[in-house]
Amino acid sequence: MALQLLGDSIYTNPLIMGYAWQQGRIPLTQAAILRAIELNGSGVEPNKQAFQWGRLAATDMPAVKTMAMSHQAMSRTNVPGAPNAPSRACNITAPKKPPPS
């Protein structure tokens, strides 16, 4: 999915991290994760976009699959201006924290 959405499978890890974070499985704030991506300094924007795609996938996988297919189609035809990040990802609410065990 990272390959279709962002053009490289290297972004699979931050995509999976966004998915897991959205489900409350990573005990860090979104700000901390995004800051860590910035501090890494390599591929900052695509890594942030992958994280947001993962968040959206956790809440609306059918929409992400549809977008992945359309991104793949766009990349085959080299359509300029293809979107790289989900526009709805900013509207996703933070996950509920699981109860302490």
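**Entry 1: L15**

I began with L15, which lies in helix α2, residues 12–22. The model I am reading is predicted. Is L15 buried or exposed? I found a relative accessible area of 8%, and the cut-off for buried is under 20%, so L15 is buried.

Next I looked up what L15 touches. I left aside its neighbours within four places in sequence. That leaves A2, L5, A50, F51, W53 and G54 as contacts of L15. I then checked G54 against L15 along the chain, and they are 39 residues apart. Their C-alpha atoms, however, are separated by 4.3 Å.

**Entry 2: helix α4**

G54 is one of the buried residues of α4, so I turned to that helix. Helix α4 covers residues 44–59, which makes 16 residues. I tested its length. At 1.5 Å a residue, α4 should span 22 Å. Its end C-alpha atoms are 23 Å apart, which agrees.

Which residues of α4 are buried? I listed N47, K48, Q49, A50, F51, Q52, W53, G54, R55, L56 and A57. Among them, A50, F51, W53 and G54 also appear in the contacts of L15.

I picked N47 for a closer look. N47 has its place in helix α4. Its relative accessibility is 13%, under the 20% cut-off, so N47 counts as buried. I again set aside neighbours within four places in sequence. N47 is then in contact with Y11, P14, I37 and S42.

**Entry 3: salt bridges**

How many salt bridges does the structure hold? I found two. I noted the general idea first: side chains of opposite charge can pair when their charged atoms come close.

I took E38 and R35 to start. They form a salt bridge, and their closest N and O atoms are 3.2 Å apart. Both residues lie in helix α3, residues 30–40. They are three residues apart, about one turn of the helix. An α-helix has 3.6 residues a turn, so residues three or four places apart point the same way.

E38 also forms a salt bridge with K48. Here the closest N and O atoms are 2.5 Å apart. This pair links distant parts of the chain, with E38 in helix α3 and K48 in helix α4, ten residues apart. I wrote down the outcome: R35, E38 and K48 are linked in a network of salt bridges.

I then looked up how covered each partner is. E38 has a relative accessible area of 33% and is partly exposed. R35 comes to 44% and is also partly exposed. K48 comes to 18%, and under 20% means buried, so K48 counts as buried.

**Entry 4: the whole chain**

I stepped back to the full chain. What secondary structure does the chain have? I counted five helices and zero strands. From the N terminus on, the elements run α-α-α-α-α.

The chain has 101 residues, and 33% of them count as buried. The accessible surface comes to about 6300 Å². Carbon and sulfur atoms hold 58% of that surface. I also checked contacts with a separation of 6 or more. Residues 24 or more positions apart account for 67% of them.

**Entry 5: confidence**

Last, I checked the pLDDT. The chain has a mean of 81, and 70% of its residues reach 70 or more. Where does the pLDDT fall below 50? I found residues 76–83. Beyond near neighbours in sequence, that stretch has five contacts in the model. Where pLDDT is low, the predicted coordinates should not be read in detail.

How values were computed:
Residues numbered from 1 in each chain as written. Predicted model: local features only at pLDDT ≥ 70, side-chain atom pairs only at ≥ 80, totals over all residues. Heavy atoms only, no water. Helix = DSSP H or I, 4+ residues; strand = E, 2+ residues; numbered from the N terminus. Expected span 1.5 Å × (residues − 1). Buried < 20%, exposed > 50% of the residue type's maximum accessible area, 1.4 Å probe, protein only. Salt bridge = Lys/Arg side-chain N within 4 Å of Asp/Glu carboxyl O. Contact = heavy atoms within 4.5 Å. Areas by Shrake-Rupley, 256 points an atom, 1.4 Å probe, with all protein chains shown as cover. pLDDT = per-residue confidence, 0-100.
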